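Please open the structure in your viewer and keep the selection panel at hand, since each stop of this tour asks you to pick out a few residues or elements and look at what stands beside them.

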Amino acid sequence: NINGGEPSERGNQEDEDLWEEARHVREMKRFMIRRNGFLVVCFMKEDKPLRCGEPFTVAFDFSEAGGYLCEEVTLTLETEEALAPEFCAATPAVAPGRQHFARTILTANSISESLELVIPAGAPATLRSSLGELSWALRLKLVVRANPDAQHPNAPGEREELNWSVPLIVAGVEPGELPGGDTPSQRSRLLLA
């Protein structure tokens, strides 16, 4: 049933495939990334709880982009740690961000792209306490060029770099759940040292 209901028990395989595909689309969280009022890309992230060692999908839809052509996307998955100000002497203590994944995709001739990412099984989970926090972020660096057909303040063909990020909450795993029974090896540098 394509009209929004679940497939009937006597529905054919095609109906069930369409239902599964439609349900998958609804499970994506959408972010409309704009510059100067023009849509650059619709970024989508699978809307589910994230856990260490499990995959999740991200996608980019350029089909409705207007004033800019997105030539490339660099996607990074990072953690950052910071101590609460009351525990720092003079300046806030922030451990350098750790990059767990990075990929650059050439997108100048793309209508859409998708990737499956995996948060490393031994990586630390998101942690917030009175002492500080360990946070995760999915960062995008978009290299865009002004579209000569659109009217906006940038000169046609001028390249720009746009940076955007979305925070992630990542749950950990129990030591017995890790592949091969491994124990978490990537501990927090500040909070658990």
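Begin by selecting phenylalanine 43 together with phenylalanine 60 of E4, which stand opposite each other. As you look at this pair, keep in mind that the model is a predicted one.

Next, extend the selection to the strands on either side of that pair: E2 and strand E4, the latter covering residues 55-61, run in the antiparallel sense and are joined over 4 bridges.

From there, add strand E1 (residues 28-35), which pairs with strand E2 (residues 38-46), again in the antiparallel sense, over 8 bridges. Within this pairing, select lysine 29 and you will find lysine 45 of E2 opposite. Then move to the hairpin of E1 and E2, where 2 residues lie between the strands and asparagine 36 takes a positive phi near 50°.

Now show the whole sheet, an open one of 4 strands in the order E1-E2-E4-E7 with antiparallel pairing. Its edges are formed by E1 and by strand E7 (112-118), each of which pairs on one side only. If you draw the strand axes, neighbouring strands of this sheet are turned against each other by 20° on average, with direction ignored.

Finally, colour the chain by pLDDT, for which the mean is 78, with 69% of the residues reaching 70 or more. Residues 1-11 have a pLDDT below 50, and beyond near neighbours in sequence this stretch has 10 contacts in the model. Residues 180-193 also stay under 50 in pLDDT, and for them the model has 35 contacts beyond four places in sequence.

Notes
Residues are numbered from 1 along each chain as its sequence is written. This is a predicted model: local features need pLDDT of at least 70, side-chain atom pairs count only at pLDDT 80 or more; totals for chains, interfaces and linings use all residues. Side-chain values use heavy atoms; hydrogens and water are left out. Two strands pair if DSSP finds at least two bridges between them. pLDDT is the predictor's confidence in each residue, from 0 to 100. Contact means heavy atoms within 4.5 Å. Axes are lines fitted to C-alpha atoms, for helices over the stretch in contact, and angles run from 0 to 180 degrees between N-to-C directions.
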